[in-house]
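Good morning, everyone, and thank you for making room for me today. I would like to walk you slowly through one part of a protein model, so please have a look at it first.

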Amino acid sequence: MSKAFTPKPAPNAAPKAPVRPKDEQRIAKLLARAGVASRREIERMIAEGRIALDGVVLDTPATILKSLNGITVDGVPVAAPEAARLFLYHKPPGLLVTERDPAGRTTIYDRLPQDLPRLVPVGRLDLNTEGLLLLTTDGELKRQLELPATGVERAYRARAYGPITQEQLEDLIHGVEIEGIRYGSIDANLERRTGANVWIEMILTEGKNREVRRVLEYLGLKVSRLIRTRYGPFVLGDLPVGEIGEIKQHDVVAFRKDPTRKGGGEAPKLVEKTKPAPRGLREIPSAPKAPTPKPAPARRITKASANRTDKAAFAEPAKRVPQPGRDPVVLTKATKVKRFYDAPPKAGTAPVAPRAIAPGQRPKVFNPELGRNVRAKPDRPERTVRPEKPERAPAKSTPRTAGKARAAPSKPRTVKIHKSRTRK
């Protein structure tokens with residue numbers, strides 16, 4: 001009986017990588033699913049030595065584990081990951097879909113309630129795009145929703161300006177290539193026209209960066225408003241702007257079994273919004289609160305106390321003894337204000353000789369109004385009285401004769417006549 005043929009491996013063939021069991025995963029992925037932080041942040045925490053396994057600090061993020069048993073972060077054990085939760089958020093325009101912005105612009109996390117678990121966005125919406133945004137606590141569910149191979153549909157409504165026909169939109173079903181980027185099949189329909197604006201509904205499965213805007217600009221349209229109305233089976237519906245709701249757990253389980261199913265099941269349960277505390281002024285939970293003061297007991301009014309109050313109100317006011325230093329001094333003719341320069345010199349002290357005055361310098365004189373010595377003003381020379389100027393004699397003028405002045409006789413005017421104007 002012949003033996004079965006088994007091919008020998010080539011001498012220079014690279015060894016095959018060992019097949020990893022499905023239940024073994026990298027530590028960054030497990031911690032991200034547990035809601036500790038993102039994968040990139042966990043890798044930085046491992047480099048800083050903040051994560052340990054059974055008391056041994058890990059030094060590489062390539063650690064493969066089956067579970068989080070024995071894993072500690074900053075000395076605190078990590079709890080097992082909970083079931084994946086999915087939230088619907090009606091994003092208003094003007095918010096960034098990011099955790100933090102270096103420029104300090106407003107993000108969605110500044111408007112979300114503070115008591116929610118750690119949420120990661122499924123895909124992204126531009127700054128001016130509004131509508132449905134999915135947020136989840138599970139990284140694996142996020143990837144299942146984002147992958148184009150899953151075939152999850154995204155529905156948009158766009159308001160654009162410019163001429164367009166239904167035939168041009170139907171050509172997008174075969175895809176289009178713009179500036180070297182290939183966009184897949186898009187189901188586009190013309191909803192209605194309002195003047196020069198048109199409303200277009202677009203359904204796609206890829207969701208590349210600014211895909212809807214670039215495709216419509218390629219067709220010669222200018223997008224003025226873009227709303228995402230559906231993501232897979234989850235519909236925006238009547239969710240108010242800026243509100244967030246949670247999908248029922250059985251709807252999440254049904255989606256993971258069949259991602260391409262239609263219909264979103266029950267309406268999401270709205271999450272009550274709590275007013276977020278301002279940054280830098282959040283209350284520390286461990287700080288002791290100041291005790292509330294007890295109200296003073298009400299004073300009981302009796303007949304005797306009422307009589308005493310009435311007598312005190314109608315009694316003559318007692319003469320008050322003036323207190324020196326507190327009450328103002330009323331100056332009278334008999335009152336003489338004692339000033340410091342009126343005080344006599346102390347006994348046993350010789351009078352201080354006046355300081356020598358430098359040549360050209362004026363002596364100092366005490367000014368009682370200012371209460372200090374000032375330089376004496378130089379004596380001004382008396383002004384000499386200028387002699388008065390004699391009055392000028394009036395100018396001589398020729399006397400006028402009485403009567404009406406007559407005009408001087410004018411000379412006769414000579415008129416020259418051209419020879420051509422003379423008559424023969």
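I will begin with how confident the prediction is, then turn to a pocket, and finish with the strands around one of its lining elements.

Please keep in mind that this is a predicted model. The protein averages a pLDDT of 77, and 72% of the residues score at least 70. Over residues 277-284, however, the pLDDT is below 50, and beyond near neighbours in sequence this stretch has four contacts in the model. Where pLDDT is low, the predicted coordinates should not be read in detail.

Now to the pocket, which is the second largest and holds about 390 Å³ of space. Which residues lie nearest its centre? Of the 23 residues that line the pocket, those are Arg124, Tyr156, Gly207, Lys208 and Asn209. If we sort the lining by class, we find ten charged residues, nine nonpolar ones and four polar ones. Three elements each supply at least two residues of this lining, namely strand E10 (154-161), helix H5 (211-218) and strand E15 (222-231).

Let me stay with strand E10, and ask which strands it pairs with. E10 runs antiparallel to strand E14, residues 197-204, and eight bridges join the two. In that pairing, Ala158 has Ile200 of E14 as its bridge partner. E10 also pairs with E15, again in the antiparallel sense and over eight bridges, and here the bridge partner of Arg157 is Ile227 in E15. So E15 comes up twice in this talk, as a supplier of residues to the pocket lining and as a pairing partner of E10.

Notes
Residues are numbered from 1 along each chain as its sequence is written. This is a predicted model: local features need pLDDT of at least 70, side-chain atom pairs count only at pLDDT 80 or more; totals for chains, interfaces and linings use all residues. Side-chain values use heavy atoms; hydrogens and water are left out. pLDDT is the predictor's confidence in each residue, from 0 to 100. Contact means heavy atoms within 4.5 Å. On a 1 Å grid over the protein atoms alone, a cavity is a set of points where a 1.4 Å probe fits but cannot get out, and a pocket is an open set with protein on both sides within 12 Å along at least five of seven lines; lining residues have an atom within 4 Å of a point. Grid points are joined across faces, edges and corners, and a volume is the space filled by probe spheres set on the points. Helices (H or I, at least four residues) and strands (E, at least two) are DSSP runs, numbered from the N terminus. Ala, Val, Leu, Ile, Met, Phe, Trp, Tyr, Cys and Pro count as nonpolar, Asp, Glu, Lys and Arg as charged, and the others, Gly among them, as polar. Two strands pair if DSSP finds at least two bridges between them.
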